[in-house]
Number of protein chains: 2
Amino acid sequence: MTETKPRYHHGDLPSTLLHSARVLLEQDGIAALKLRAITRHAGVSATAATPHFGNLSGVLSALAAIGFNELTAAMSNTAHKTMRDIGLAYIRFAIANPGLFTLMFRNDSVDRTTPDLKNASEKALACLAHLPSDTPSSSPLDKAAQMASAWAKVHGLAILAIDGQLQALTPQPLTPILLEKLLANTLSLK
Amino acid sequence: MTETKPRYHHGDLPSTLLHSARVLLEQDGIAALKLRAITRHAGVSATAATPHFGNLSGVLSALAAIGFNELTAAMSNTAHKTMRDIGLAYIRFAIANPGLFTLMFRNDSVDRTTPDLKNASEKALACLAHLPSDTPSSSPLDKAAQMASAWAKVHGLAILAIDGQLQALTPQPLTPILLEKLLANTLSLK
DNA sequence: GGGGCATCTTTACAGTGTAAAAATATAAAG
DNA sequence: CTTTATATTTTTACACTGTAAAGATGCCCC
């Protein structure tokens, strides 16, 4: 629809395809991420993605890499580099892009050996893993445990929020405002 | 293979199919959970599952329900009803049954409105949600935050463990023994 | 201009899920 | 025991899917 410059046969097809994939993902969920649906949406033939991405997994891996880059950006834009703020940025990203977030951690749809994806995901993980720890850690295993604890809580919370399972924990219906408060409270717990 | 009593046409096909599905899941991962592969493995025609489960989603939902029941049993068999022991049971189950655990939380493969699955998953959640809290909570939102924190940490840890991403946090290679220690340490953190 | 080549389309094929109709065996009724 | 009804399974058919292989298309650079 809104290509920048139609230079080659069809403009730069790779970004067009990724755009289509993202639209479909947001519109109809992760089940709609079929190769033929993506190429159909982009207005090209069914196999047009092959020279650029190889196969479906290639397209989805590229899209997942974009997601990790955006997630990294969101975490980097926080004012305070605290567990609470970075965690909130992480979870807000997940809630704002549930389909993309799900795809990013879907091992069977995505090829994690792709260099782009590997780099992008490692950068995002680094933002979470190198949070300043409040309690001094003695052994390396303790340090790992602290990082695992933070990363697990944030990631777990994001998943629960996306799946709507946090609803089950509160008596009252969970409005967006209340959800934010719940997340902040949860992240503030040590 | 090992039917109890071959009464009907083919024995009780439902459990045979679920057994086949589970074998395929453990052998070849979640991508192998095709309806035709399951029926082929069970030695019946491609559409034999229809009268019992309706469609593929029905089979997978039933299998996921079994998983939740086993998870509940694992958590109920712990000696101490502490965050640490119940959490460890939860994560050990995930590590022992990675495919099944993944399936259980896969929203697009599974139909959560199925009564069996809904009941089973709610029971499992209840085991985690009603842990004794160490710090007295004032508001209901605080209580929800405490439950969310525990549930998120345990679930997040399980996912990280399954994906092998805990490896990235430790300098040394993560042997099973070291993994157990890391999990215990992480769960002991408040 | 005219090769060379990346890009895209066409065609073909093996799989998939599942709806519909036909076949089969069990259970129930007479 | 025979006959009917019903639940179970198979057969058939169809619209999909991903992708390999071969053919067309148009850009780039010498």
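**Close-up 1. Packing of helices H5 and H8 within chain A of the predicted model.** Helix H5 of chain A, which spans residues 83-96, packs with helix H8 of chain A, residues 140-162, at an angle of about 30°, and the two axes are 9 Å apart. Because angles under 35 degrees count as roughly parallel, H5(A) and H8(A) are described as roughly parallel to each other. Their crossing is right-handed. On the H5(A) side the contact involves A:Met83, A:Gly87, A:Tyr90, A:Ile91, A:Ala94 and A:Ile95, and these residues meet a set in H8(A) that includes A:Trp151, A:Lys153, A:Val154, A:His155, A:Leu157 and A:Ile162. Sorted by class, the contact of H5(A) with H8(A) has 12 nonpolar, two polar and one charged residues.

**Close-up 2. Protein surroundings of DNA strand D.** DNA strand D is surrounded by 18 residues, of which the closest are A:Leu35, A:Arg36, B:Ser45, B:Pro51 and B:His52. Of the strand D atoms within 4 Å of the protein, 53% belong to sugar or phosphate, while the rest belong to bases. The residues of this surface near DNA strand D comprise seven nonpolar, eight polar and three charged.

**Close-up 3. Individual polar contacts to DNA strand D.** A base nitrogen of DNA strand D lies 2.2 Å from a polar side-chain atom of A:Arg36. Phosphate oxygens of strand D are approached from both chains: one lies 2.9 Å from a backbone N or O atom of A:Leu56, and one is 2.5 Å from a side-chain N or O atom of B:His52. The elements giving two or more residues to the surface near DNA strand D are helix H2 (35-42) of chain A and helix H3 (50-53) of chain B. Helix H2(A) gives the most to that surface, with three residues.

**Close-up 4. Packing of helix H9 of chain A with helix H8 of chain B.** Helix H9 of chain A, residues 176-188, and helix H8 of chain B, residues 140-162, pack at an angle of about 60°, with their axes 8 Å apart. At that angle H9(A) and H8(B) are therefore oblique to each other, and their crossing is right-handed. Helix H9(A) makes the contact through A:Leu178, A:Lys181, A:Leu182, A:Asn185 and A:Thr186, whereas H8(B) takes part with B:Leu141, B:Asp142, B:Ala144, B:Ala145, B:Ala148 and B:Ser149. By class, the residues in the contact of H9(A) with H8(B) divide into six nonpolar, three polar and two charged.

Terms used:
Residues are numbered from 1 along each chain as its sequence is written. Chains are lettered from A and ligands numbered from 1 in the order in which they are written. This is a predicted model: local features need pLDDT of at least 70, side-chain atom pairs count only at pLDDT 80 or more; totals for chains, interfaces and linings use all residues. Side-chain values use heavy atoms; hydrogens and water are left out. Axes are lines fitted to C-alpha atoms, for helices over the stretch in contact, and angles run from 0 to 180 degrees between N-to-C directions. Helices (H or I, at least four residues) and strands (E, at least two) are DSSP runs, numbered from the N terminus. Angles under 35 degrees count as roughly parallel, over 145 as roughly antiparallel, 65 to 115 as roughly perpendicular and the rest as oblique. A crossing is left-handed if the near helix is turned anticlockwise from the far one by less than a right angle, and right-handed if clockwise. Contact means heavy atoms within 4.5 Å. Ala, Val, Leu, Ile, Met, Phe, Trp, Tyr, Cys and Pro count as nonpolar, Asp, Glu, Lys and Arg as charged, and the others, Gly among them, as polar. A residue is near a molecule or strand if one of its heavy atoms lies within 4 Å of it. A polar contact is a pair of N or O atoms within 3.5 Å; within protein, one must be able to donate a hydrogen and the other to accept it, and residues adjacent in sequence count only if both atoms are side-chain atoms.
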